[in-house]
Amino acid sequence: MRKPSVPPRDPSTPLRSAQDDREPMNFKLKIWRQRDAKSRGKLVNYDIRDISPDTSFLEMLDILNEHLIRTGGEPVAFDSDCREGICGTCSLTVNGEAHGPDHPGAVCELYMRKFRDGETITVEPFRVGAFPIIKDLVVDRSSLDRIVQAGGFISARAGSAPEANSILVSKYDADLAMEAAACIGCGACAAACPNASAMLFAAAKVSHLSFLPQGAPERQRRVLKMVHVMDEQGFGNCTNTYECEAVCPAKISASFIAKLNREYARAQFRQRLGE
Ligand code: SF4
Ligand code: FES
């Protein structure tokens, strides 16, 4: 059957999507402002108007900051880097949810169309004792780096990419290692957990390497040290609330926590045997 012919587009007519016709939106913002780590913070109200529904949440904060700068105010400090869900830098609690209401996704992947016109939006930093506030919405998440420094590495020389590919890994293990490696280290799991536990993060880092032969030489030391540093940094324990899994932008499964527990029990057992 012949397809109906589409008349050629008049190049002088601008391309328009259906969304272009939607009305700009207005919001009331309640944003946590705190001058520095030692000051007391508070929620400050702002009105923001004429925001396109297709503005990202961080772009909306940029627009607010431009307005604050123009009017002699102090811009809101917040973290971001890649703005495409890769780096894990953007760490905001939006309306009480780590990374906001559009899961799975980092807050940089959240768009204003997810909110209602006229809605009040509360923006706070991640509330975790191990993530001290630096300023406004910026927290220090170097406690996660210290967990990785304790064991999230290999000492085996894997060679260049073609050589590494010559080490055979079963598809099943490679897929699980890849799934765990997707963790972007954002810390939302700890922020969402009522115990401020970083178990999902540590589980992803431990599991990623323990599934691979390259990770075998440090397998035992890695899990013992990472769990020790995780406790030392002040993170809580897992009590299976699954809040971490619900907010994780990388869709890390809570089943990796079971893997972490098995790795830990195995390492302790072997340590007792003097291995
Ligand atoms: S496990 Fe998920 S929520 Fe936790 S740090 Fe990694 S990516 Fe972020
Ligand atoms: S800015 Fe990189 S994940 Fe959000």
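Accessible area is taken here from the Shrake-Rupley method with a 1.4 Å probe. On that basis, the protein chain of this predicted model exposes about 15,500 Å². Carbon and sulfur atoms supply 51% of that exposed area.

**Overall build**

The protein chain holds nine helices and seven strands. Its C-alpha trace spans about 75 × 70 × 35 Å along the principal axes. Of the 275 residues in the chain, 42% are buried. Among contacts with a separation of 6 or more, 69% are made by residues 24 or more positions apart.

The chain carries 35 positive and 35 negative charges. The mean positions of these two sets are 3 Å apart.

**Backbone geometry in the loops**

Most residues other than glycine have a negative phi, and most peptide bonds are trans. Three places in the chain depart from this pattern, as listed below.

| Site | Backbone value | Location |
|---|---|---|
| H99 | phi near 70 degrees | loop between β4 and β5 |
| H103 to P104 | cis, omega near -5 degrees | P104 in the loop between β4 (97-98) and β5 (120-125) |
| D136 | phi near 45 degrees | loop between β6 (133-135) and β7 (138-139) |

The loop between β4 and β5 contains H99 and also P104. H99 has a positive phi although this residue is not glycine, and the peptide bond from H103 to P104 is cis. H99 has a relative accessible area of 0%, so this residue is buried.

D136 lies in another stretch, the loop between β6 and β7. The phi of D136 is likewise positive in a residue other than glycine. With a relative accessible area of 2%, D136 is buried.

**T55 and its surroundings**

T55 sits in the loop that runs between β2 (42-51) and α1 (57-70). Why does T55 count as buried? The cut-off for buried is under 20% relative accessible area, and T55 counts as buried because its relative accessibility is 9%.

Which residues does T55 touch, leaving aside those up to four places away in sequence? They are M60, I63, Y111 and M112.

**Summary of the loop residues**

H99 is buried at 0% relative accessible area, D136 at 2% and T55 at 9%. H99 belongs to the loop between β4 and β5, D136 to the loop between β6 and β7, and T55 to the loop between β2 and α1.

Methods:
Residues are numbered from 1 along each chain as its sequence is written. Chains are lettered from A and ligands numbered from 1 in the order in which they are written. This is a predicted model: local features need pLDDT of at least 70, side-chain atom pairs count only at pLDDT 80 or more; totals for chains, interfaces and linings use all residues. Side-chain values use heavy atoms; hydrogens and water are left out. Helices (H or I, at least four residues) and strands (E, at least two) are DSSP runs, numbered from the N terminus. Buried means under 20% relative accessible area, exposed over 50%, partly exposed in between (1.4 Å probe, protein chains only). Contact means heavy atoms within 4.5 Å. Lys and Arg count as positive and Asp and Glu as negative; His and the chain ends are not counted. The place of a charge is taken as NZ of Lys, CZ of Arg, CG of Asp or CD of Glu.
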